[in-house]
Amino acid sequence: MRKIKLALCDDHTLFRVGMSTILGQIHDFELILEAGHGQELIDKLPRKTPDVVLLDLQMPVMDGTATADFLREHYPLIKIVVLTMHDEDRMVLHLLEKGVSGYLLKDAEAGEVEKAIRKVMDEGVYLNEFVSKAMLRKMTNKTTVTKPVNAFYNSKVLLSEREKEVLMLICEGLSTNEISEKIFLSPRTVEGHRLRILEKTGTKNTAGMVAYAFKNSLV
């Protein structure tokens with residue numbers, strides 16, 4: 001079985017030691033890279049490329065937001081799971097729009113960290129209850145004007161009825177295969193719809209697409 005290669009970027013040594021111990025107990029996880037800030041991570045990447053980066057936000061030299069921007073531009077295949085103490089809704093949505101695949105708080109259980117890593121590897125995104133609530137609060141607080149029942153899209157993006165349906169199911173956390181079975185389309189067709197939604201919304205990955213949908217009241 002191929003191991004999932006991980007990198008951990010956090011400026012707190014004790015936290016890295018603890019996470020390293022936890023990750024080392026999972027048989028198909030391999031922590032191949034540790035860094036104390038974003039620049040150190042970037043300097044090491046040409047020699048070792050992980051599948052998933054666990055990324056802190058507040059770090060010296062180069063913080064998590066700048067690091068995420070660099071990774072999305074230069075290493076788009078690397079999945080990013082933010083692991084931080086920052087719980088502001090604004091920050092959650094901002095980073096998801098940038099293409100981060102998951103957002104966890106540092107008080108998360110070890111089992112949730114493992115679940116998040118596997119989920120972003122299998123489906124490209126991990127949306128836990130904390131992130132979902134942040135999205136719903138953003139959507140609720142955005143305006144006091146009641147949206148008409150049939151006004152699924154805004155003036156910026158025009159989606160077909162099928163694209164709307166696929167986007168709603170993606171926002172519910174369904175995988176391509178699950179969507180395929182639910183609406184009786186082939187996985188290839190579903191993936192085609194997904195790619196067109198990405199193109200129309202200008203988002204970078206599934207997490208960004210979901211964040212866009214909530215931010216713009218598309219769901």
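**Close-up views of a predicted model**

**View 1. Helices H7 and H10 cross with their axes within 10 Å of each other, at roughly 105 degrees.** The model shown here and in the views that follow is predicted. Because angles of 65 to 115 degrees count as roughly perpendicular, H7 and H10 are described as roughly perpendicular to each other. On the side of H7 the contact is made by Leu-167, Ile-170 and Cys-171, while H10 contributes Thr-206, Met-209, Val-210, Ala-213 and Phe-214. Sorted by class, the residues of this contact comprise seven nonpolar and one polar, with no charged residues among them.

**View 2. Helix H10, residues 206-215, is largely enclosed by the rest of the structure.** This description rests on a count, since nine of the 10 residues of H10 are buried. The buried residues are Thr-206, Ala-207, Gly-208, Met-209, Val-210, Ala-211, Tyr-212, Ala-213 and Phe-214. After the helix comes Ser-217, a residue whose phi is positive, near 55 degrees.

**View 3. Helix H7 (residues 161-171) also meets helix H9 (residues 187-201), and their axes come within 10 Å and cross at roughly 95 degrees.** With that crossing angle, H7 is roughly perpendicular to H9. The residues of H7 that take part in the contact are Arg-162, Glu-163, Val-166, Leu-167 and Ile-170, and those of H9 are Val-190, His-193, Arg-194, Arg-196, Ile-197 and Lys-200. In this contact of H7 with H9, five residues are nonpolar, one is polar and five are charged.

**View 4. Helix H9 has 15 residues and spans 21 Å from its first C-alpha to its last.** That reach is close to the 21 Å expected for the helix at 1.5 Å a residue. Within H9, the residues Val-190, Gly-192, His-193, Arg-194, Ile-197, Leu-198 and Thr-201 are buried, and what covers these buried residues includes H7, helix H8 (176-183) and helix H10 (206-215). Gly-202 follows H9, and the phi of Gly-202 is positive, near 70 degrees.

**View 5. Cys-171 lies in helix H7.** Is Cys-171 buried or exposed? The relative accessibility of Cys-171 is 15%, and because buried means under 20% relative accessible area, Cys-171 counts as buried. Cys-171 is also one of the residues through which H7 touches H10. Between Cys-171 and Thr-201 there are 14 Å in space, taken from C-alpha to C-alpha, and the two residues are 30 residues apart in sequence.

**View 6. Asp-56 sits in the loop between strand S3 (52-55) and helix H3 (64-74).** UniProt, in an unreviewed entry, lists Asp-56 for the feature "modified residue: 4-aspartylphosphate". In the predicted model Asp-56 is buried, with a relative accessible area of 5%. Which residues are in contact with Asp-56, leaving aside its neighbours within four places in sequence? They are Cys-9, Asp-10, Asp-11, Gly-64, Leu-83, Thr-84 and Lys-106.

**View 7. Residues 5-121 are the stretch at which UniProt, in an unreviewed entry, places the feature "domain: Response regulatory".** Over these residues the chain is 44% helix and 22% strand. The C-alpha atoms at the two ends of residues 5-121 are 11 Å apart.

Terms used: Residues numbered from 1 in each chain as written. Predicted model: local features only at pLDDT ≥ 70, side-chain atom pairs only at ≥ 80, totals over all residues. Heavy atoms only, no water. Axes fitted to C-alpha atoms, helices over the stretch in contact; angles between N-to-C directions. Helix = DSSP H or I, 4+ residues; strand = E, 2+ residues; numbered from the N terminus. Parallel < 35°, antiparallel > 145°, perpendicular 65-115°, else oblique. Contact = heavy atoms within 4.5 Å. Nonpolar A, V, L, I, M, F, W, Y, C, P; charged D, E, K, R; others polar. UniProt positions renumbered as here; feature names shortened; annotations may be inferred. Expected span 1.5 Å × (residues − 1). Buried < 20%, exposed > 50% of the residue type's maximum accessible area, 1.4 Å probe, protein only.
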